[in-house]
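Open the model in your viewer and keep the selection tool ready. This tour goes from stop to stop, saying what to select and what is there.

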Amino acid sequence: MGKAQSHLVPKEAEKCLERHRKVLHTVGGYGRDEPGYCEFVLSFSGKLLYFDKLGVLDKTTKPGRPFDENSIVRLYSMTKPLVATAFLLLLQDGLIPSVDAPISDYLPEFRNMTVQAWNQSSAEPASSQITIKMLIAHSAGFGYGPGPARREPMPSGKKEEKAQEARYKPLVDAVEHGHVKNLDEFCKELAKLPLFFNPGKAYMYGYGVDVLGRIIEVVTKTSLDKFLRDRLFEPLGMHDTDFTVPKHKLERLSVQYIGSERWDFPRGAPEKSRWSQGNQCPVLSGGGLMGHNSGGLVSTGADYARFLLMIANEGKDVASGKQVLRSDLAVMAAGDWLLSGFPDPHNIPGWSDESMGRDPDWVINPGDGTGCLGFTTSDGFSHGGFSGSRFTVYPQMKMVAVSASEQGQVNELNKASTDLFMRLEDGMQEAADAHGKENKAKKANVREKKEVPSAKRGTKKAAKPATKSRK
């Protein structure tokens with residue numbers, strides 16, 4: 001990726017990034033042969049402002065191949081922003097009239113949905129139709145089944161979350177065992193299950209963007225992977241992003257680690273990965289996960305940054321200068337899609353509280369929302385995936401921060417990764433404080449000049465009283 005041009009970073013952010021680099025390189029017990037990690041910060045113009053990397057693709061291979069910005073990782077939920085943005089291309093093409101269109105216009109199996117809350121014994125007819133906007137805002141009423149590699153709902157945890165996972169477990173298993181063979185069949189099976197709440201009445205993270213992926217297939221009459229490739233990945237030069245990894249790229253596919261445990265494929269056999277071409281899940285997951293551990297997109301840190309820079313530049317590809325997405329749609333993508341759908345944005349069940357099983361570790365502040373690109377705050381927008389990769393775009397500083405990882409469990413490296421984004425936010429606050437002090441000083445200087453006329457403007461006689469008054 002080249003050498004970082006640190007002089008391009010605002011001085012406050014530069015100081016914070018260097019503090020972070022020290023944190024990253026003092027992670028307890030982390031050495032050159034540990035599972036890989038890569039992080040970098042770019043300006044909106046695409047210039048590299050900061051870069052660092054650690055570890056290897058496979059710690060059991062000696063010598064291990066270094067992990068870097070071109071290492072291929074599983075995106076999991078970071079698949080969602082790409083698929084949601086692809087949907088916006090349908091609006092651009094005039095193929096869908098509005099984000100408020102009912103999904104049953106395209107997928108009739110969702111026309112007569114039922115609702116059964118986690119603590120109810122029977123289902124009842126839904127009070128309204130699901131709209132496309134609700135799929136993206138996660139307010140449609142869908143939840144998620146058991147997480148990656150879990151065969152059963154979590155043994156401990158909230159009743160709401162256990163009920164959610166139990167409802168979808170048969171569907172998850174059907175995908176895993178090949179009984180559900182494509183996205184069309186998945187949606188038809190999903191539509192048979194009750195929603196957890198009436199559409200548009202609460203928030204619950206779930207299969208909404210998977211359904212959105214099927215709408216893209218129906219409207220364009222092509223497969224989701226082909227549409228993404230033709231309209232988004234190829235125009236942006238994202239040549240390593242797909243639902244599968246071809247044989248000649250397997251040497252760049254990172255091993256997936258959960259703590260010290262190796263996942264996805266055995267030592268020396270990347271061709272057995274569930275993302276290896278010919279062995280991939282046939283259900284293309286717009287949400288990032290199908291079955292026990294498969295289905296979403298793979299990508300690289302460098303590829304994902306190209307996508308984020310396009311959004312940051314209001315739809316224009318930085319490398320080619322081509323307008324990939326209409327500017328107003330790029331702005332729409334970066335905004336909130338949830339809060340505007342509720343009369344009281346500070347009181348949304350499942351978002352403002354944990355009533356729908358939301359992770360208590362999520363910190364939701366007043367005004368925070370969610371949309372095409374993930375979570376929206378006053379600082380910008382961000383998203384992350386199960387394996388530890390994440391991004392944040394900071395419009396105020398005109399910076400894009402990306403980290404790529406295959407460490408799907410909270411550990412010291414994950415904490416160090418989080419430190420990158422926290423330091424950038426510290427830098428932004430320090431810059432704002434410095435700017436405030438500078439403005440305050442300028443105002444004081446202006447007042448001083450008004451009190452003491454300059455020799456050029458006034459006379460020495462006019463200046464004397466002011467001089468005396470200061471003594």
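**Stop 1: the second largest cavity**

This is a predicted model. Start inside. Select V73, L75, M78, T300, G301, Y304, S389, V402, S403 and A404, which line the second largest cavity. The space they enclose is about 40 Å³. Now colour by element. Helix 8 (301-312) and strand 15 (399-405) are the elements that give two or more residues to this lining. Strand 15 has the largest share, with three residues. Next, colour by class. Six of the lining residues are nonpolar and four are polar, with no charged residues.

**Stop 2: the largest cavity**

How many cavities of 30 Å³ or more does the structure hold? There are three. The largest of them has a volume of about 70 Å³. Its lining is made of 13 residues. Select K80, I136, H138, G371 and C372, the ones closest to the centre of this cavity. Then show helix 2 (79-92), strand 11 (369-371) and strand 12 (374-376), the elements that give two or more residues to the lining of the largest cavity. Which element has the largest share of that lining? Helix 2 does, with three residues. Colour the lining of the largest cavity by class: seven residues are nonpolar, five are polar and one is charged.

**Stop 3: helix 2 and helix 9**

Keep helix 2 on screen and add helix 9 (residues 327-334). Two packed helices are described by the angle between their axes and the distance between the axes. Here the axes of helix 2 and helix 9 come within 10 Å and cross at roughly 145 degrees. The crossing of helix 2 with helix 9 is right-handed. Select L88, L91 and Q92 on helix 2, then L329, M332 and A333 on helix 9; these residues make the contact. Five residues in the contact of helix 2 with helix 9 are nonpolar and one is polar, with no charged ones.

**Stop 4: the second largest pocket**

Return to helix 8, which you met at the second largest cavity. Helix 8 also gives the most to the lining of the second largest pocket, with four residues. The volume of this pocket is about 220 Å³. Select L42, G46, A302, R306 and L309, which lie nearest the centre of the pocket. The whole lining of the second largest pocket numbers 12 residues. By class, nine of them are nonpolar, one is polar and two are charged.

**Stop 5: helix 4 and helix 5**

Select helix 4 (residues 159-176) and add helix 5. Look along the two axes. They come within 11 Å and cross at roughly 165 degrees. That makes helix 4 roughly antiparallel to helix 5, since the angle is over 145 degrees. Is the crossing of helix 4 and helix 5 left-handed or right-handed? It is right-handed. Now show side chains. Y168, L171 and V175 in helix 4 meet F186, E189 and L190 in helix 5. The residues of this contact of helix 4 with helix 5 include five nonpolar and one charged, with no polar ones.

**Stop 6: helix 5 and helix 6**

Leave helix 5 (residues 183-190) selected and bring in helix 6 (residues 208-220). The axes of helix 5 and helix 6 come within 10 Å and cross at roughly 130 degrees. Helix 5 and helix 6 are therefore oblique to each other. Their crossing is left-handed. On helix 5, select L183, D184, F186, C187 and L190. On helix 6, select D210, V211, G213, R214 and E217, the residues that those of helix 5 meet. What classes make up the contact of helix 5 with helix 6? Five residues are nonpolar, one is polar and four are charged.

Before you close the viewer, select F186 and L190 once more. These residues of helix 5 take part in the contact with helix 4, and they are also among those that meet helix 6.

Key: Residues are numbered from 1 along each chain as its sequence is written. This is a predicted model: local features need pLDDT of at least 70, side-chain atom pairs count only at pLDDT 80 or more; totals for chains, interfaces and linings use all residues. Side-chain values use heavy atoms; hydrogens and water are left out. On a 1 Å grid over the protein atoms alone, a cavity is a set of points where a 1.4 Å probe fits but cannot get out, and a pocket is an open set with protein on both sides within 12 Å along at least five of seven lines; lining residues have an atom within 4 Å of a point. Grid points are joined across faces, edges and corners, and a volume is the space filled by probe spheres set on the points. Ala, Val, Leu, Ile, Met, Phe, Trp, Tyr, Cys and Pro count as nonpolar, Asp, Glu, Lys and Arg as charged, and the others, Gly among them, as polar. Axes are lines fitted to C-alpha atoms, for helices over the stretch in contact, and angles run from 0 to 180 degrees between N-to-C directions. Angles under 35 degrees count as roughly parallel, over 145 as roughly antiparallel, 65 to 115 as roughly perpendicular and the rest as oblique. A crossing is left-handed if the near helix is turned anticlockwise from the far one by less than a right angle, and right-handed if clockwise. Contact means heavy atoms within 4.5 Å.
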